[in-house]
Each structure stands twice: as structure tokens, then as C-alpha cells.
Amino acid sequence: MSGPLGRRFDVVVVGAGVLGCAIAAELAQTALSVCVLEAAPDVAEGASKANAGITSSFYAPPPSIECELIGESNDGWEELCGRLNVPYRRIGALTVAFDDDGVRGLDELETQVRAAGVKVERVTGEQARRHEPLLTDECIDALYYPDEGIIDPVRLTWAYAELAALNGAELRFRAPVLDVARDGDGRLSAVVTPEDRIACRYVVNAAGIGSGALSALAGGEEIRMWPRKGQYWILDRDFGQTLSRIVLPVPTPTTRGIEVAPTTNGSVLLGPDAEEGGDAEDRSTSAGNLRKIFAETQRLVPTVSLDRAIKTYAGSRPAADEPVRLRFDARVDNLIHAGNRSTGVSTSPAFGRRVKALLADRGENTAARPDRVTSLPPVPRVLLEADPVTVLDRRPGDAMVVCVCEQVTAAEITAAVTSAVPARSIEGVRKRCRATGGRCQGSICMAGVILLTANAHGIDPGQVGMGPGGGSVGCG
Amino acid sequence: MIINSPVGRFPFEVTGVGLVDGRIRLEGAMGTWPTSVEVTPSELPRIAARLVPRSAAVGAAVLGSAAALALAARRRSRRAA
Amino acid sequence: MGAGLAGLAAALELAAHAEVELVERLPAAGGSWQFDHPAVRDLVGRCDRAGVRLTMGVTALRWIERRLLLIGPGTRAWREADHLVFAGGTRPATPAELPLFGARVAGVFAGTVAHHLMEAHIALGRHLAVCGSGYWADLVLAEAPSHARVTVVGGDVPASPRVAAAWPGYAPVEVRGRDRVEQLVIERDGHARAIDCDCVVLAADQRPIRNVDGAITATPDVTYVQLCADTLTPDAVVDHAIATVAGLHGRNST
Ligand SMILES: Cc1cc2nc3c(=O)[nH]c(=O)nc-3n(C[C@H](O)[C@H](O)[C@H](O)COP(=O)(O)OP(=O)(O)OC[C@H]3O[C@@H](n4cnc5c(N)ncnc54)[C@H](O)[C@@H]3O)c2cc1C
């Protein structure tokens, strides 16, 4: 194969979603050299941006790999998120039943959850309403999961990427893997992007919805993948402050159902629905779906109101016949599949460790380097501080608020645009620190955010990225 | 002096002028905010050539005040007033 | 909170009866009217003489149990107060508020943002679709480069030579495009049509800016002074502010 000769890496990770970044963060702390190749212009542009940010304590009945991975991940969130400055709260979830069918559904679910060894309480409607006062009077019976939590999934992805980069991993964006090279034994010897040919000893397929195509390209197993789209409303923090738990209906075989979920930045999500097929890149929202979503969530929490809606969004789960893949390919000896349809965020810590273990099984030295970085420098997030005065008195230079709705300081934005894996777009800034993501959707601060981003990268403001697809502010 | 930045128009009162590390430094306040403007001699021809900086990036460099840029002031045009 | 004309007028009105502090995010009074507008200068002088404490360049973030959180260069404090008068200005409606669905792509701007960027000579597109008429739309039309084709959706048809096409009575309902907006679907009485554009400016439907936690919706210890209209005169803003706070004095002293 021709083309410029790029660097050689021990491991190439394809995809900078939550799984690819979690894996890179873990491997970069060893002696292995790591390169992450991402087709999009930034981290977390696929499913990892479109999810509800719930760290599940239970999803699929045992025995299942999903159950194991959730179990391996769920106890460690406080410690991990403390080290990586990722907003996280273990707030608990309620699955609620309205009628006899629902009660039977809960019976079955309870058996599965108990078999998985996950903490759960069966509660009456009355008790459930004590856990969540906004819950409907219609609820007659419920399961309460105290260990369920909420996390900022994009911030988590970015934090993993930062940790990987600080430990020496190379992250390349706008670098879709379009081809591979194989040696005589059918092992992958290099991957090819439009710019470069990157030699490697292992390839991790963390390409989300693109995993099937990548496997085909690599001569690996056939993985049938399709998008399962979900849409959401986001309601204002003003309403979010009154909601304390995740509220879900009884799940169906394919989804957890349309839920009412607080987020770590105080807002509330209504959604997601589940629509099979279509275009994986399609992030458009539609009035019809969103109307239905609202009606269903209103049944759970009657006080939800679209007067408090600040945004809608959509994204696709990477659905596959094998929803969770974490293993070597059956045909290509040095290709690892790492994919998860519905609980990629919840299982990401375990994915990192398990991929490391897979490589250790192959005789690779995966011992942690003594000089590795394990935490990220904290930047105070005013919004999450009970008393910002005390915090900012220690850092008076940070006391300049740019995005008032989300209480984001210039220091937070500067950190987002100058970090190891910096934001290069308005979307990138929003993802990292929430600026422009609040109730006015950047009506007041967006021009300032554009200029700070342009200055950080020495580019013209018109060149600053805007939409998720990579379009920029300026045109013509 | 008036700072007419793309994100707001504010009074700038100069309280001191000096040379710092070969740069001309204007000390002052933009409204209530302490603000300084630093210009290197090599920038002067560029400024002179343009007189009024057009692009926001150049404006930003000349202003030297992230604070000023970070704020989106809304302008009501003279016509509306 | 808010030292535009409304906040200045409200502060002055209340100063005769109460101890008043006027807090403003920007480093000078005036808000969208700007610091050197004669009405602003006049009110700032009168506020000063009436003993209003002017705290400029400091952002109010939270109002909890009659304490206002203030953050800014040089000021980090919780200020105790009996009542908050919120004069935070207005902005155009967001996509969720309109509501406008469809693709999330580059090229869709709030009128406030579009205006700032155009003023900085950043080209936002060759074919602009401006939704709504009135204050923000006028500013954007005034700044639109001469080579850009402008279509106005909804509102009154502005008497501007800059407007190539207008669709009065229509509302924007869906954005289409891949990386950047390519079409805006607009609707009137159930009739939809798609117009080609590479930039959408949302300038319709003025909403009050609400950005202080605890003072987002109606609350007994907050009074909102935010006149929402497509076009405003200084007199209208001042009169509205005075009328709105008129009933306040005496209330907290009893
Ligand atoms: C609506 C919805 C709700 C969800 N809710 C939750 C939840 O509450 N909790 C939870 O744990 N999980 C949830 N999930 C699931 C979770 O989001 C996914 O499991 C997880 O994001 C998958 O991560 P990933 O890194 O595999 O995929 P992605 O984030 O999609 O990343 C894959 C990346 O690979 C890149 N790529 C693809 N092909 C190539 C190529 N050839 N070359 C280079 N790069 C390539 C893509 O651009 C993409 O960035 C939800 C998902 C959705 C859509």
C-alpha cells in the first residue's frame, strides 16, 4: 500500500466515543503506545452524545455480559468522577406500574434484578411518591433502585480522552479509517485514513454504528448494525430542581422506555423513544415523535410542561444482533470488538479494564506505568458549587461569568478550548463546559464563545465550528 | 476613549501609559473593569494600515482583554433610540 | 438587576422609599441602549444622586432565600435584599420556544448573535432567512452584506430594499441540511413550503431573559420589569418600569 509512512503504534483505537476513549485512557497508562482515530471533528459525536446519561445498576438479566460489565463499573463512579472532574450523582431510579400488567412486569423485573445481585426495593405507590414527590398518583407499585445514578456522558468521554492524551495517546480527528493493510496471516498490520497510513499491532473496533463496516473492511466477522434513533426534550433547570429521581415505565424487551431523568447540570430529559433503521447520521428532531414523548412522560410526572422546554435533540443507538461485544474477532487475530448498544456509558470503566485484560492474555505488558497520570486538573464549575463565593475567593481570576444561564466562567471556557483535547467549535465548548447550552441557547454568550475559541486556536471567528456535522459559523 | 468591540461598546478610560517588555501598555478601565491594552512596535504598522480593525480576531488582539470579548453586550442602534 | 433603561428607571423610582443597589453584568450601565445614550446618562446621574448603589460589571447568578449571588471581577458576594427587581432585558425566542424542529446544523443563529457577528464582518451566508420583524431583524437587515439575498419569514414585511422575498404570516417549523442549513420549512395555515438558505436568523417573538436561578418564574419576592415588544422607545421602557415597581414600596417596610 502506498501513502506517507505514519508512526507505528501498539494499539489503534477506532472511534472516540465513550468506549474508544475509555479504552484509550486505560491502555495509555501502560507501556503500550496508543492512537485514537475518529472520523468526526471531536470526541463524543456519536451515540455518546445522544444518550440519557444514566449509569444503570441493572439492564439485562443474568447471566449476561452486560450484567457483568455494569456490576464491574457501578461501584466505582464516585471515585472515578472525583478524579476526572465529571459531574455524577447517585440519585436512584423508580420503575413504576400503573395497572395489573405493569405489576406483573415489575414482578418479573424484580426477580431478574435480585438474581443479578443488584440493590432493589419493591415499594408501594405511596412509598414511591415519597422517593419522588412529583410522581403521578396513578402509580400503584414500583421498584426503587438506590444505586442508579446520573452522569455527564459527554464530559465523561472528554475526560477519558484527556486522560489518554495526558498519558501520551495520540488522538486524531477527521480521521476516518477507510482501509486496512493485512499481513500474510490475515492479521491487521496498518489502518489507512485519508491523510495517513498507521502501522499497528492491534486494532480496537470502537466505531459504534460504524463497527459493522469496519469489521467488514478488516475482513472480520459480519456484524449487522442499524441505528435505533431516540429523541428528547430538555426542560429547564428551574423545573429540574424539583425532581429528585429517574422515573421510568416498565421496560420493553428492547428499551428501558421513555423516562423522566434529571441531568447533572440540573435540567430534565424527557425521552428517548426508539425508532429502528434510517440514516445513522440523522439527528433531526420531529414534532410528531416529540409530542408522543411528552404525552408518555406526562403520565409519569404530570407536572412536566413544555413551557419549560429549552431544547430538543436526537441521536442513534448502535443497535446490533449482538448488543454488547467485547472480545477478539473470530477471524482476524488482532482485532478487538468493543461495542455496546444501550449501556455504553454505564459499562465504559469495565470496557477499558477488560480490553487491557484481553491484551494481557496475549502476553502484552499491561502493567501501569509508574509515571502515569490518573487525575485531571480541577477547574471549579460554578453551577455545581453550593457556595461559589468561597471557591472563587481562592481563584479570584476565575470570577468572570460568560454564560449566565449555565453559570459558566471564562476560566471554564478557556480550559475547554486549551485542554489536551480542546474544543474547536461552539458545540465542543458546550459539550465540555455547558456554555451556550442553557435556557437562552447562547442568545447572549455565543458571540463571546466564538471569539474565545477563535483566539485560542488563532483562527478567524468565521472558521469556528458550529453544528455537530462540522459546519462552521461563517459561510460565503 | 471608546472600545467598540463586536460584543459591546464601552467607555475606556486610560489611567496610565508605560513600556513593559518592549510593549506599549495602556492601563485603564473599561467601565468598571480594570483593563489594559498592550501593543508591540511590530503591530503598529498593521494597526496604522487598518486604522479601524475589521476582523474580530484582530480586534481581540488589540483589545487584549478576554473579559471584554467574553461578554455579549446587546446594541440598540441609534435609529431605534 | 440589570442597568438598562428599565432597571435604571426602576431603581430611581424605588430609591425614594428604599435602599437600592443596581447590579449590572456589563461594566457600564445602558444595556442594549448603550452607556452614552442621553436617557441612560440622565438616569445614571439621577440614580447616583438619589443614593442608588451602582454595581457594574458583576453578574447576578442566584436568588435564594433573599440573598443574591454576585460574581464578577473584584466582587464575589451574597447580597441580602428584601426584594429583587429583575430587569434583565429581552431576546428572541429559541428554537425550542418557537418551536422549530429538524436538523441540528451550522448556520442557525439567534438574532442577537447574528447581529454581533455581522457587525464584526463575519459572513454568515449568501442567502439569509430572517424570521420575524422588529428590533433584531432590523439590526440584521442593516448589517447584511450587499451580496446576500435576504428572505423575511413572518412578522410585518419590513420596508427595506435589502429584502428580496417575504413570507408574512408564515412561521418557521423545520430546519433541513447536512452540515449546514440548506432549507427552512415554513408554514402558514397548514401550508408548508421550503425555502433555500444557508443561514437562518431567529429574530421573532421577544422573550424576557431569565438567567438568575430562583428568579425564573413568578415568585412573591421578585418583580420582573421586562417589556417585550418588537419595537421599543425609551419613554415606553421607562414608563413601563415605573408603573411596574410603583406598587412595591411600602410592601416590604410593613
Ligand atoms: C437515545 C440513547 C439513549 C441512551 N441512554 C443511555 C444511558 O442512559 N446510559 C448508558 O449507559 N448508555 C446509554 N445509551 C447507549 C450509549 O450511548 C452507547 O452505548 C455508547 O455511547 C456507545 O459508545 P461508543 O463509543 O461505542 O459509540 P459512539 O459514541 O457512537 O462512538 C463511535 C465513534 O466511532 C466513530 N467511527 C465510526 N466509524 C469510524 C471509522 N471508520 N473511522 C474512524 N472513526 C469511526 C464515529 O464517528 C463515532 O464517533 C443510549 C444511547 C442512545 C442513542
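Domain bounds here come from an automatic or database domain assignment. The model shown in these figures is predicted.

**Figure 1. The two domains of chain C.** The assignment divides chain C into domain 1 (5-89 + 209-248) and domain 2 (101-202). Domain 1 is thus written as two stretches of sequence, 5-89 and 209-248. Taken over C-alpha atoms, the centres of domain 1 of chain C and domain 2 of chain C are separated by 32 Å.

**Figure 2. The surroundings of C:Gln226.** This residue of chain C sits in the loop between strand S18 (222-224) and helix H5 (234-245). Is C:Gln226 buried or exposed? C:Gln226 has a relative accessible area of 11%, and under 20% counts as buried, so C:Gln226 is buried. The side chain of C:Gln226 reaches two backbone oxygens: that of C:Gly89 at 3.0 Å and that of C:Ile209 at 2.7 Å. When neighbours within four places in sequence are left aside, C:Gln226 is in contact with C:Phe86, C:Ala87, C:Gly88, C:Gly89, C:Pro208, C:Ile209, C:Arg210 and C:His240. C:Gly89 and C:Ile209 therefore appear both in this list of contacts and as the residues whose backbone oxygens are reached.

**Figure 3. Helix H7 of chain A.** Helix H7 covers residues 153-166 of chain A, 14 residues in all. At 1.5 Å a residue, a helix of this length should span 20 Å, and the end C-alpha atoms are 20 Å apart, which agrees. How many of the 14 residues of H7(A) are buried? The number is 12, so the helix is largely enclosed by the rest of the structure. The buried residues run from A:Pro153 to A:Ala164 and include A:Arg155, A:Trp158 and A:Glu162. At the start of H7(A), a side-chain oxygen of A:Asp152 comes to within 3.2 Å of the backbone nitrogen of A:Val154. After the helix comes A:Gly168, with a positive phi near 100 degrees.

**Figure 4. Nonpolar cores.** In soluble globular proteins, nonpolar side chains tend to be buried together. The largest nonpolar core in this model has 51 residues. Which of its residues touch the most other members? They are A:Val43, A:Leu156 and A:Tyr160. A:Leu156 and A:Tyr160 are also among the buried residues of H7(A). Outside its neighbours within four places in sequence, A:Leu156 is in contact with A:Val18, A:Trp77, A:Leu80, A:Val86, A:Ile151, A:Val345 and A:Ser348. Another core, of 34 residues, lies apart from the largest one. Among the residues of this other core are C:Leu124, C:Val130, C:Leu141 and C:Ala148.

**Figure 5. The salt bridge between A:Glu110 and A:Arg122.** Over all chains, the structure holds 57 salt bridges. In the one shown here, between A:Glu110 and A:Arg122, the closest N and O atoms are 2.7 Å apart. The pair links distant parts of the chain, 12 residues apart: A:Glu110 belongs to helix H5 (residues 100-115) of chain A, and A:Arg122 to strand S6 (residues 121-124) of chain A. A:Glu110 is buried, with a relative accessible area of 15%, whereas A:Arg122 counts as partly exposed at 26% relative accessibility.

**Figure 6. Further salt bridges in chain A, and a network.** A:Asp321 and A:Arg224 form a salt bridge whose closest N and O atoms are 3.2 Å apart. A:Asp321 lies in the loop between strand S18 (309-320) and strand S19 (324-328) of chain A, and A:Arg224 in the loop between helix H8 (211-217) and strand S13 (225-235) of chain A, so the pair ties together parts that are 97 residues apart in sequence. A:Asp321 is exposed, with a relative accessible area of 54%, while A:Arg224 is partly exposed at 49%. A second pair is A:Asp371 and A:Arg369, with 2.9 Å between the closest N and O atoms. Here A:Asp371 is exposed, at 56% relative accessible area, and A:Arg369 counts as partly exposed, at 21%. Elsewhere, salt bridges that share partners join A:Asp42, A:Glu45, A:Lys49, A:Glu427, A:Arg430, A:Lys431, A:Arg432 and C:Arg104 into one network.

**Figure 7. Chain B.** The secondary structure of chain B consists of three helices and four strands. Along the sequence, their order is β-β-β-β-α-α-α. Of the 81 residues in chain B, 42% are buried. Among contacts in chain B with a separation of 6 or more, 28% are between residues 24 or more positions apart.

Key
Residues numbered from 1 in each chain as written. Chains lettered and ligands numbered in written order. Predicted model: local features only at pLDDT ≥ 70, side-chain atom pairs only at ≥ 80, totals over all residues. Heavy atoms only, no water. Helix = DSSP H or I, 4+ residues; strand = E, 2+ residues; numbered from the N terminus. Buried < 20%, exposed > 50% of the residue type's maximum accessible area, 1.4 Å probe, protein only. Polar contact = N/O pair within 3.5 Å; in protein donor to acceptor, adjacent residues only side chain to side chain. Contact = heavy atoms within 4.5 Å. Expected span 1.5 Å × (residues − 1). Salt bridge = Lys/Arg side-chain N within 4 Å of Asp/Glu carboxyl O. Core = buried A, V, L, I, M, F, W, Y, C linked by side-chain atoms within 4.5 Å.
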